[in-house]
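Reader: Before I set anything up with this model, I would like to go through its local geometry with you, one question at a time.

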Amino acid sequence: MDEQPSASKSRTQKSKKRSRDGNQNPGGAKHENLQVKIQLFQDQPNKIPPLVAYFPSGYNPQTQQRQDEEESNNQNNSPKVPKVKVFRNMAQRKGNRLQVVVSPGGSNVDFVGSSFTGEAAAAQVCRYSLGVLDKEAGTLKIIPIATNKRKDAINLKKEVDSESQKSLDKKIEEVAFDKEALANTSSLIARNIPPHNVSATTPLEAYPLDKIILKGDWDFLGDIYKLWQGGEKVATNAYPHFVCNRIRKLDAIKDETQQWKLSCILSYITHLMKFRDQFSMGHVKSGKKHNIPSIIHHRFLNLFTDPESKILASEKINLFISYVLVLALHVDGFRTDPSDIAQDLRISKVDLRQHFLNLGCKLVRQNSILYATLPVPLNFPSQNIRRKRRQ
């Protein structure tokens, strides 16, 4: 009776030792040490990342392919390679819904995995990357995969902490006006225009885009690009007339970076318009359900609203209109027909002309259409002339 536990213990220790040896060197295979150069690729919003799928049913396409290859070799036939297809939902606001369909060779069964139902829709607690090892080139490429896009919805709802808000407020104060230009004349203070450069030699430099749409904003402005890339039409009740009429410009642009940039500007204009609808006295219904990213929403509050009432301040309305018009000029290559933008702003074309002149624009009529252009260097009308016109 005393010897049995000892023998059992001895067998258990030997079993554990064999298990450890097997884990360290499974199957007795020799380990291969490689020295590789690691290349880490960042996520590029204007390019589609790789898709990674798994099969909860237990189907393994790699194992199945090996079996098919063995059978084909024995029968001198070509192997049956699984077919993989990716489908995207083209319905409005469902462009992020994907389905991966794998059809094994010689089988009528399709294995379907989706990004919006079942196990694949579970909460994502980490980020995934795809590693591609090239032994011959000695490189290991680490590439983000498409599932990481699920973080977009979380980012849109992120609130900035108190320290970040203080830092953001400080940055807004620094870029809200071009201090050197405003210091030269007091009349520009009443002009309420975006950051500008009076000595600029090109229209792009006159109202620098990076002073209006800040670096951290661009990551949250991809909605229009995704709709356009998916072949979906922009709903006229969800986007301003100006934006809907300019979407076709993306088709004429060949460079992906420029396509992304233009679509982001259009998205920013949309957020501006919807913000006006949400925080005007009447609270227009069209802006009620529109979701403005928190970081952009916070800046709009500081730029355009009264700190106490939290509605669009009357003295900031001209500044708001100026921001919209400057971005419209960027979209149209600094030669814009203001008809649709006047409709979106709900002001008359005559009043809108004065806002363009206030920015230093010149109005040119061609083929019975009045265009707003931006000559450089900037030349603002004097306040005395403006007062006389009003009288």
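The questions and answers below concern a predicted model.

Reader: In what order do the three strands of the open sheet stand, and how are they paired?
Author: The pairing in this open sheet is antiparallel. β7 (335-336) and β8 (362-366) stand at the edges, where each has a single partner strand, so one side of each is left without a neighbour in the sheet. The order is therefore read from one edge strand to the other, and β7 and β8 are its two ends. Written out, the order is β7-β9-β8.

Reader: Which residue of β9 stands opposite Thr336, and which one stands opposite Gln366?
Author: β7 and strand β9 (residues 369-373) run antiparallel and are joined by two bridges, while β8 and β9 pair in the antiparallel sense over five bridges. Opposite Thr336 in β9 stands Ala372. Opposite Gln366, the residue in β9 is Ile369.

Reader: Is β9 largely enclosed by the rest of the structure or left open, and how many of its five residues are buried?
Author: Burial here means under 20% relative accessible area. The strand β9 is largely enclosed by the rest of the structure, because the residues of β9 that are buried number four of the five.

Reader: What angle does the direction of the helix that packs on this sheet make with that of β8?
Author: The helix in question is α14 (residues 349-358), which touches β7, β8 and β9 as it packs on the sheet. Taken against the direction of β8, the direction of helix α14 makes an angle of about 125 degrees.

Reader: Which residues in the hairpin of β8 and β9 take a positive phi, and what are the values?
Author: The hairpin has two residues between its strands, and Asn367 takes a positive phi near 55 degrees. Ser368, which lies in the loop between β8 and β9, is not a glycine either, yet has a positive phi. Ser368 is exposed, because its relative accessible area is 65%. The phi values are near 55 degrees for Asn367 and about 65 degrees for Ser368.

Reader: Where does Arg346 lie, and is it buried or partly exposed?
Author: Phi of Arg346 is near 60 degrees, which is a positive value in a residue other than glycine. Arg346 lies in the loop between α13 (339-345) and α14. With a relative accessible area of 48%, Arg346 is partly exposed.

Reader: What is the omega of the peptide bond from Val376 to Pro377?
Author: Pro377 lies in the loop between β9 and α15 (383-390). The peptide bond that leads from Val376 to Pro377 is cis, and its omega is near -5 degrees.

Reader: How far apart in space are Val326 and Ala206, C-alpha to C-alpha?
Author: Val326 has its place in helix α12 (residues 317-331) and is buried, with a relative accessible area of 1%. Beyond residues up to four places away in sequence, Val326 touches Pro194, Tyr207, Ile212 and Leu359. Although Val326 and Ala206 are 120 residues apart in sequence, their C-alpha to C-alpha separation in space is 9.9 Å.

Reader: Which residues form the nonpolar patch on the surface, and what accessible area do they have together?
Author: One of them is Leu133, found in strand β5 (residues 129-134) and partly exposed at a relative accessible area of 44%. By contrast, Thr139, which touches Leu133 and Val36 among others, is buried, with a relative accessible area of 11%. The patch is formed by Leu34, Val36, Ile38 and Leu133, and together they have an accessible area of about 340 Å².

Note on methods:
Residues are numbered from 1 along each chain as its sequence is written. This is a predicted model: local features need pLDDT of at least 70, side-chain atom pairs count only at pLDDT 80 or more; totals for chains, interfaces and linings use all residues. Side-chain values use heavy atoms; hydrogens and water are left out. Patches are made of residues with over 30% relative accessible area and no salt bridge: like charges are joined within 9 Å, nonpolar side chains (Val, Leu, Ile, Met, Phe, Trp, Tyr) within 5 Å. Accessible areas come from the Shrake-Rupley method with a 1.4 Å probe; for residues, only the protein chains shown count as cover. A salt bridge is a side-chain nitrogen of Lys or Arg within 4 Å of a carboxyl oxygen of Asp or Glu. Buried means under 20% relative accessible area, exposed over 50%, partly exposed in between (1.4 Å probe, protein chains only). Two strands pair if DSSP finds at least two bridges between them. Contact means heavy atoms within 4.5 Å. Axes are lines fitted to C-alpha atoms, for helices over the stretch in contact, and angles run from 0 to 180 degrees between N-to-C directions.
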